[in-house]
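Biologist: Take me through this model. I will ask what each label rests on.

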Amino acid sequence: MIPVAQKYVSVDVTSASEASPDYQVSVADFQRAEKGGPIPPEAIVLIRTGFSSRWPDAVRYLGTATRGEDGAAQLHFPGLHPDAAKWLIAERRIKAIGIDTASIDYGQSKLFESHRLLYERDIPAFE
């Protein structure tokens, strides 16, 4: 049986995401959320960008309704900055992370660094 995390932490970045669809959640965002105490080890971190309210309108949710390679170049939605992923791994030892967008990496990502950093450490990302 897989142990269930004792805690989860919600981080709200809706204002920043509304201002910029390409917003990348930063270490500073997590530190602001820790005013009541640090993110505990083995926590599940949930990022609220507000983009879930845009579903199922592809243009509002993804930045485009175009599919395929042409559509990939037009994606615009928030994600987790790789530096923040590194910090969560090293400094907070999280168990999992979730975001209300189509990917843990922001829409214009070409290298998918947050994916790779998290998955290398067996930390699942729920999108």
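Modeller: From the N terminus, the elements run β-α-β-α-β-α-α-β-α-β-α-β. That comes to six helices and six strands. The model is predicted: local features need pLDDT of at least 70, side-chain atom pairs count only at pLDDT 80 or more, and totals for chains, interfaces and linings use all residues. Residues are numbered from 1 along each chain as its sequence is written, and side-chain values use heavy atoms, without hydrogens and water.

Biologist: What makes a run a helix or a strand?

Modeller: Both are DSSP runs, numbered from the N terminus: H or I over at least four residues for a helix, E over at least two for a strand. Helix α6 covers residues 113-120.

Biologist: Why is the protein called as compact as a globular protein of its length?

Modeller: The radius of gyration, taken over C-alpha atoms, is set against a globule rule of 2.2 Å times the number of residues to the power 0.38. For 127 residues the rule gives 14 Å, and the protein has 14 Å, so it is as compact as a globular protein of that length. The C-alpha trace spans about 40 × 30 × 25 Å along its principal axes.

Biologist: What makes β1 and β6 edge strands?

Modeller: Two strands pair if DSSP finds at least two bridges between them. The open sheet has the order β1-β3-β5-β6, with parallel pairing. β1 (8-12) and β6 each pair on one side only, hence the edge label.

Biologist: How do you know that β1 and β3 pair?

Modeller: They share five bridges, in the parallel sense. One of the bridge partnerships joins Val-9 to Val-45 in β3.

Biologist: Which residues of α6 are buried, and what do they pack against?

Modeller: Buried means under 20% relative accessible area, exposed over 50%, partly exposed in between (1.4 Å probe, protein chains only). In α6, Ser-114, His-115, Leu-117 and Leu-118 are buried. The buried residues of α6 pack against β4 (79-80), α5 (82-92), β5 (96-99) and β6 (125-126); contact means heavy atoms within 4.5 Å.

Biologist: Why is Phe-112 called partly exposed?

Modeller: Its relative accessible area is 40%, so Phe-112 falls between the 20% and 50% limits. Phe-112 sits in the loop between β5 and α6. Its phi is positive, about 50°, although it is not a glycine.

Biologist: What sets the bond from Trp-55 to Pro-56 apart?

Modeller: Most peptide bonds are trans. The bond from Trp-55 to Pro-56 is cis, with omega near 10°. Pro-56 lies in the loop between β3 and α3 (58-62).
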